[in-house]
Amino acid sequence: MAHSTVHVSRSRDLDKLLLRPGHLVGPTFDPGTELRDDIQEYVKILVVGAGGLGCELLKDLALSGFRNLEVIDMDRIEVSNLNRQFLFRLQDVGKPKAEVAAKRVMERVAGVNIVPHFCRIEDKELDFYNDFNIIVLGLDSIEARSYINSVACGFLEYDSDDNPREETVKPMVDGGTEGFKGHARVIVPGLTPCFECTIWLFPPQVKFPLCTLAETPRTAAHCIEYAHLIKWDEVHSGKTFDPDEPEHMQWVYSEAVKRAELFGIPGVTYSLTQGVVKNIIPAIASTNAIISAACALETLKIVSGCSKTLSNYLTYNGVEGLHTKVTEFVKDKDCLVCGPGVLIELETSVTLRKFIGLLEEHPKLLLSRASVTHRGKNLYMQAPPVLEEMTRSNLDLTLFVLMDKTPKDIVHVTGTTSKSDKKTSLSMKLRLVFKGVDGVADMDTAGGA
């Protein structure tokens with residue numbers, strides 16, 4: 001009896017989304033093979049993080065038709081990663097996560113090209129991030145998320161009516177997991193809340209009082225933090241503890257075991273030591289898979305318009321049964337990271353010293369003792385004294401030159417304001433426009449100099 005073979009295209013399910021119209025599509029959706037081909041050929045996506053969530057994201061994005069992917073991660077593979085970071089094997093321990101993850105996905109998914117970057121996210125120039133259509137985050141750190149958020153929002157420009165310029169919007173899709181819980185969110189700078197707008201969603205990190213650690217430890221975590229925060233400095237005076245150095249971690253673990261035995265406290269293990277010292281969040285493979293699927297789908301929706309995007313924060317809870325919920329958070333119009341900032345027009349001849357003086361007179365600011373930074377670089381810092389001395393020579397240089405002769409850009413200032421006869425610390429974003437440079441039109445703005 002003859003058996004007929006039916007060839008099923010790998011893109012069959014994807015084609016159902018991209019090749020036919022629907023009622024829930026976005027306003028720019030234009031179905032057809034051309035859309036699918038353009039996504040494969042032209043769309044570039046950066047995955048930040050190659051851990052539990054990052055591995056799933058690379059796989060899901062590759063299987064969703066994206067062929068131009070890059071991944072950045074600074075970590076090397078550890079044995080403890082293997083239970084949930086499915087792209088890694090025992091023989092990979094010690095190798096860079098980004099490189100192994102990229103290699104494994106390219107071996108399994110034909111046609112995809114993944115460029116790995118084994119480095120810190122801060123090591124890349126800002127232009128590196130501007131080269132991508134979408135940035136997808138698979139991180140376990142608030143600080144790393146905040147950094148990428150500030151970079152993406154830094155590309156955002158507003159027009160004279162304080163509306164975001166569409167061509168400068170850098171969308172992000174952020175995923176996060178903790179045990180059986182997780183979230184997926186869409187961040188479109190200028191349109192939806194950015195990470196900083198909703199920083200209150202993240203609970204503050206647990207900090208143990210030093211007196212408890214030193215005198216009355218009650219838990220295994222107390223013993224570990226005692227070894228980490230107190231004992232290390234006592235024994236290794238002046239030597240910086242490196243959490244990524246196995247010998248340092250082993251020393252802390254051994255000291256924590258001694259401390260626990262002294263007080264009769266059970267539960268100190270090497271993996272717990274790593275978790276406490278490096279603030280590692282427990283991860284479960286199934287949660288990573290669910291959140292990654294949501295993030296990959298949102299990425300596809302953003303680039304294709306095949307459906308309306310998530311609006312704008314999905315939470316998943318699998319602790320007892322299965323519960324998902326979507327919440328629409330509201331953008332903070334005064335956000336210092338994604339908001340338009342105060343617009344100020346300047347002559348190219350204005351020095352940094354004069355600019356700081358103008359901030360005191362500006363009716364919207366009244367900012368005294370201002371420190372100024374531009375793209376992460378300190379132009380002038382009021383304190384501490386060592387930084388003030390290092391940046392003092394910039395005061396007599398023109399701001400235009402200090403900002404690399406950019407016609408318009410963002411600076412961040414911090415200082416004190418004395419509105420309502422009350423002095424308060426203030427940090428804000430300013431949009432500077434230099435007159436007569438590269439066709440920048442004159443603007444009728446308060447605070448022009």
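**Group meeting: the sheet and its helices**

This structure has an open sheet of eight strands, and the pairing is mixed. If you trace the order across, it reads S3-S2-S1-S4-S5-S6-S7-S8. Bear in mind that this is a predicted model.

Start with the edges. Strand S3, residues 113-118, and strand S8, residues 323-327, each have a single partner strand, so one side of each is left without a neighbour in the sheet. From one strand to the next, the twist averages 15°.

Now the middle of that order. Strand S1, residues 44-48, and strand S4, residues 134-138, run parallel and are joined by four bridges. If you want a residue to click on, take isoleucine 45: its bridge partner in S4 is isoleucine 134.

Next, the helices on the sheet. Which strands does helix H3 touch? H3, residues 52-63, packs on the sheet against S1, S3, S4, strand S2 (68-73) and strand S5 (172-178). The direction of H3 makes about 140° with that of S4. Helix H4, residues 97-108, lies across S2 and S3, and runs at about 170° to S3.

Last, a helix pair. Helix H9 covers residues 246-263 and helix H10 covers residues 270-277; their axes come within 10 Å and cross at roughly 105°. That makes H9 roughly perpendicular to H10, because angles of 65 to 115 degrees count as such.

Which residues meet there? From H9, they are Pro246, Met249, Gln250, Val252 and Tyr253; from H10, Tyr270, Thr273, Gln274 and Val277. By class, this contact of H9 with H10 has six nonpolar and three polar residues, and no charged ones.

Key
Residues numbered from 1 in each chain as written. Predicted model: local features only at pLDDT ≥ 70, side-chain atom pairs only at ≥ 80, totals over all residues. Heavy atoms only, no water. Pairing = 2+ DSSP bridges. Helix = DSSP H or I, 4+ residues; strand = E, 2+ residues; numbered from the N terminus. Axes fitted to C-alpha atoms, helices over the stretch in contact; angles between N-to-C directions. Contact = heavy atoms within 4.5 Å. Parallel < 35°, antiparallel > 145°, perpendicular 65-115°, else oblique. Nonpolar A, V, L, I, M, F, W, Y, C, P; charged D, E, K, R; others polar.
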